[in-house]
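This report describes a protein chain from its computed geometry. The sequence and the model come before the discussion.

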Amino acid sequence: MDASAVRPSARQVAWQRQELTAFVHFGPNTFTDLEWGTGLDDPAAFAPTALDCSQWTRTLAGAGFKSVILTAKHHDGFCLWPSKFLDHSVATGGDVVGALSVACQVAGLGFGVYLSPADLYQEKAPGGYYGNGSPAVPSRIGELEYVVDDYNRFYLNQLHELLTSYGPIAEVWLDGANPTSSAQTYAFDAWFDLIRRLAPDATIAVGGPDVRWVGNEDGFARETEWSVVPFADGAMVAEQTARSVAGPDELAQADELRWYPAEVDVSIRPGWFYHAAEDTAVKQVPELLDIYRKSVGRNAVLLLNIPPDRRGLFADPDVEALTAFGAAIREYYDTAVKLPGRVNVLDLREDIEQGQQIESFAVDAFTEGSWQEIATGTTIGHRRLLPLDKPLQLDDVRLRILSTRAETEVHLSTHYDPTIS
Ligand code: FUL
């Protein structure tokens, strides 16, 4: 197998180039102060007093985000849109999915949905479908047909509703977490088939074939982060959380290689949902930039969660942090330092349409009359942001490729970020 020959799909290229995606966790938990609802929470608890999705999208677009993924349904089963298929939703008070999809279109942002496979309402409510042991039977889902059981029919109907009612969908996020006690198999093949038919440009993330979970929720990718990932018998050779998922040991066990890039999901607050007690724990610019270097700057997409408060607005501390984060990216990372100049971060890029090739590299600097090695690294991929041990005054830089899978072009630029201590 030739790892140098593996290429991303067009939808994966577009996804990776976004670099910054926002996650929005919003639902009954916002009002009950929980992270995981019980499934039997009173739908009336969800009562934002001043919902304005355009405040979210204005803030996010201003900070450089390119798309937004909303928890249309979290594990508690409550739906943020008035679904035809159940009442446990915003039925009586506003369509958050609709409002956000419109706000995204106005702001020029992509719009994605998180639809939790685990569903505590369907597990616990009388007559619920989750794990009810029903047989798989031919089932019409809109104009499509699949042979599925009750819960998978319900889930496909929800997907169909979301993918046909709310404009183009950029990403469908299938969370792998399972807080339920009963057993329910998921008809992934049917789900993926329906998503491909109804939203061919959407990436299917985490539980899906286009984007993998990086393996932690702390905001960092690996220093060696490959998008070419070994599979055996249809599954990744390594666990998603493994220290190495695509190194020589894993490659040796593969019967197939796939382009399967990493996404780093992390929250701007300790929790995924809004809790007033965490207003003083919003991550600030130096930490956000550290996360940026370790996610976007390690060949991943950053999926940063910002949870709206009980008004249905991003809270002031989050807006301030996001705005400052966006300004810092523009100033330190979108703008290169012209040499001679003071530098403490290197930015390296491969064109992923040519695959991912570089295995290791070194960077030399011309300083005080001679070339000296100032940094080494392993993978590059879409983008590698490599902080130096200390700021250096540099006259010139050069890149040495130490090992590569195939010939490719690498773009190198020099930067200065004063927040690096
Ligand atoms: C996890 C969930 O259990 C959390 O509540 C959150 O949605 C996070 C993004 O994924 O698996």
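The text below covers the basis of the values, the sheet, the domains, the salt bridges and one loop residue.

**Basis**

The model is predicted, so local features are given only at pLDDT of at least 70 and side-chain atom pairs only at pLDDT 80 or more, while totals for chains, interfaces and linings use all residues. Residues are numbered from 1 along each chain as its sequence is written, and side-chain values use heavy atoms, with hydrogens and water left out.

**The sheet**

Helices (H or I, at least four residues) and strands (E, at least two) are DSSP runs, numbered from the N terminus. Two strands count as paired if DSSP finds at least two bridges between them. An open sheet is built from 8 strands in the order 7-6-3-2-1-13-12-8, with parallel pairing. Its edges are strand 7 (203–206) and strand 8 (212–213), each of which pairs on one side only.

Strand 2 (residues 67–73) has 7 of its 7 residues buried, so it is largely enclosed by the rest of the structure. Here buried means under 20% relative accessible area, exposed over 50%, and partly exposed in between (1.4 Å probe, protein chains only). Strand 2 pairs in the parallel sense with strand 1 (residues 20–24) over 4 bridges, and Phe23 stands opposite Ile69 of strand 2. Strand 2 also runs parallel to strand 3 (residues 110–115), to which 6 bridges join it; there Leu70 faces Val113. Towards one edge, strand 6 (residues 171–174) and strand 7 are parallel and share 4 bridges, with Thr203 of strand 7 as the bridge partner of Glu171.

**Two domains**

The domain assignment, from an automatic or database source, gives domain 1 (7–332) and domain 2 (341–415). Their C-alpha centres lie 33 Å apart. Contact, defined as heavy atoms within 4.5 Å, involves 22 residues of domain 1 and 21 residues of domain 2.

The size of an interface is often given as the accessible area lost when the parts come together. Buried area is that loss (1.4 Å probe), summed over both parts. Between domain 1 and domain 2 about 1,800 Å² is buried, 51% of it on carbon and sulfur atoms.

A polar contact is a pair of N or O atoms within 3.5 Å; within protein, one must be able to donate a hydrogen and the other to accept it, and residues adjacent in sequence count only if both atoms are side-chain atoms. By this rule 19 residue pairs (both at pLDDT 80 or more) are in polar contact across the interface of domain 1 and domain 2. On the side of domain 1 that touches domain 2, helix 1 (10–18) and helix 9 (285–294) each supply at least two residues. Helix 1 gives the largest share of that side, 3 residues.

The buried residues of helix 9 are Val285, Leu288, Leu289, Ile291, Tyr292 and Arg293. The elements they pack against include strand 1, strand 12 (262–267) and strand 17 (384–394).

**Salt bridges**

A salt bridge is a side-chain nitrogen of Lys or Arg within 4 Å of a carboxyl oxygen of Asp or Glu. The whole structure has 25 of them, and the count between domain 1 and domain 2 is 4. Several pairs are listed here.

| Pair | Closest N to O distance |
|---|---|
| Glu353 and Arg17 | 3.0 Å |
| Asp193 and Arg197 | 2.7 Å |
| Arg269 and Asp279 | 2.7 Å |
| Arg384 and Glu223 | 3.8 Å |

Arg384 lies in strand 17 and Glu223 in the loop between strand 8 and strand 9 (228–232), so the pair ties together parts that are 161 residues apart in sequence. Their C-alpha atoms are 9.2 Å apart. Arg384 is buried at 3% relative accessibility, whereas Glu223 is exposed at 51%. A polar atom of the Arg384 side chain also lies 3.2 Å from the backbone oxygen of Glu223.

Asp193 and Arg197 are 4 residues apart in helix 7 (residues 188–198), about one helical turn. Asp193 is partly exposed at 28% and Arg197 exposed at 53%. In the remaining pair of the table, Arg269 is buried at 1% and Asp279 partly exposed at 27%. Elsewhere, salt bridges that share partners join Glu19, Asp347, Arg349 and Arg383 into one network.

**A loop residue**

Ser83 is found in the loop between strand 2 and helix 4 (96–107) and is buried, with a relative accessible area of 9%. A polar atom of its side chain lies 3.0 Å from the backbone nitrogen of Phe85. Leaving aside neighbours within four places in sequence, Ser83 is in contact with Ser89, Gln158 and Glu161.

Technical notes
Buried area is the accessible area (1.4 Å probe) that two parts lose on being put together, summed over both.
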